[in-house]
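Please examine the structure shown below before reading on. The paragraphs that follow move from strand pairing to salt bridges, and then to one buried residue and the surface.

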Amino acid sequence: MSRARVPLAAALLLAGAVAPARAQFREPARVQPAGRVDVLASHITAIQAGTELSLPAGRALRLSLVGGAGGSWADGRSGLSARAELAGRFLLDPNFSARWAPYVGGGGGARYDHIAGWRAVLVVFVGMEGPNWNGVIPFVEVGYGGGGRIGLGLRKTRGRGR
């Protein structure tokens with residue numbers, strides 16, 4: 001298989017795996033938007049504001065596309081910082097029985113810093129989602145992806161629960 005066809009084949013396999021999982025839902029799958037702020041700390045430190053779009057891929061799994069932009073600093077230099085990530089979030093409380101619900105996740109993406117240029121990152125994180133506040137859910141995440149990271153934000157609910 002040529003190198004150009006590998007991403008297409010991977011996307012088709014992923015779509016084939018997600019479709020049966022989505023069929024088991026009683027409620028229609030809805031995109032869950034979020035706003036977030038992240039601090040990314042390594043030899044280059046960045047603060048980014050961003051957005052996230054999540055879609056259910058099973059009862060306890062959400063696939064998320066995250067994009068962010070802000071500023072970065074290293075060795076007295078500064079500049080633009082941006083990133084795009086695709087991650088899976090596995091809910092440890094899919095029944096929404098606890099007031100604060102933990103989750104774990106991981107994925108990959110690309111990060112740009114004016115200081116260093118583009119680079120690929122692998123991302124792993126743990127997080128907690130809070131109670132529903134009139135249609136939004138607060139969350140906090142800590143993890144690693146090109147350095148340590150912490151994120152805070154608000155997700156729109158998908159209907160019942162979280």
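Which residue of β2 is the bridge partner of Pro-33? The partner is Leu-53. The model in which this pairing is found is a predicted one.

The pairing of Pro-33 with Leu-53 belongs to a longer contact between two strands. β1, which covers residues 32-41, runs antiparallel to strand β2 (residues 45-56), and nine bridges join the two. Three residues lie between β1 and β2, and the two strands form a hairpin. β1 also pairs with strand β8 (residues 148-156), again in the antiparallel sense, over eight bridges. In that pairing, Ala-41 has Gly-148 of β8 as its bridge partner.

The two faces of β1 can be considered next. In a regular strand, side chains alternate between the two faces of the sheet. In β1, the covered face consists of Gln-32, Ala-34, Arg-36, Asp-38 and Leu-40. The uncovered face consists of Pro-33, Gly-35, Val-37, Val-39 and Ala-41.

Arg-36, on the covered face, leads to the salt bridges. A search of the whole structure finds 13 of them. In one, the side chains of Glu-141 and Arg-36 meet at 2.8 Å, N to O. This pair links distant parts of the chain, with Glu-141 in strand β7 (residues 136-144) and Arg-36 in strand β1, 105 residues apart. Glu-141 and Arg-36 are both buried.

Another salt bridge, at 2.9 Å from N to O, is formed by the side chains of Arg-155 and Glu-52. Because Arg-155 lies in strand β8 and Glu-52 in strand β2, the pair ties together parts that are 103 residues apart in sequence. Both Arg-155 and Glu-52 are buried as well.

A further salt bridge joins the side chains of Asp-113 and Arg-119, at 2.6 Å from N to O. Asp-113 counts as buried because its relative accessibility is 0%, whereas Arg-119 is partly exposed, with a relative accessible area of 23%. Salt bridges that share partners also join ten residues named here into one network: Arg-36, Asp-38, Glu-52, Arg-83, Glu-85, Arg-89, Glu-129, Glu-141, Arg-149 and Arg-155.

The surroundings of Asp-113 can be described further. Asp-113 lies in strand β5 (residues 101-113). The side chain of Asp-113 makes a polar contact of 2.8 Å with the side chain of Arg-111. Leaving aside neighbours within four places in sequence, Asp-113 is in contact with Ile-44, Ala-46, Ser-72, Leu-80, Ser-81 and Arg-119. In addition, the C-alpha atoms of Asp-113 and Gly-79 are separated by 6.9 Å, although the two residues are 34 residues apart along the chain.

The surface completes the picture. A nonpolar patch there is formed by Val-37, Val-39, Ile-47, Leu-61, Trp-73, Phe-90, Leu-92, Val-104, Val-126, Val-142 and Ile-150, which together have about 880 Å² of accessible area. β1 and β3 (61-74) each supply at least two residues of this patch. Val-37 and Val-39, both in the patch, are on the uncovered face of β1. Another member of the patch, Phe-90, is found in strand β4 (residues 77-91). Phe-90 is classed as partly exposed because its relative accessible area is 40%.

Methods. Residues numbered from 1 in each chain as written. Predicted model: local features only at pLDDT ≥ 70, side-chain atom pairs only at ≥ 80, totals over all residues. Heavy atoms only, no water. Helix = DSSP H or I, 4+ residues; strand = E, 2+ residues; numbered from the N terminus. Contact = heavy atoms within 4.5 Å. Polar contact = N/O pair within 3.5 Å; in protein donor to acceptor, adjacent residues only side chain to side chain. Patch = residues over 30% accessible without salt bridge, like charges linked within 9 Å, V, L, I, M, F, W, Y side chains within 5 Å. Areas by Shrake-Rupley, 256 points an atom, 1.4 Å probe, with all protein chains shown as cover. Salt bridge = Lys/Arg side-chain N within 4 Å of Asp/Glu carboxyl O. Buried < 20%, exposed > 50% of the residue type's maximum accessible area, 1.4 Å probe, protein only. Pairing = 2+ DSSP bridges.
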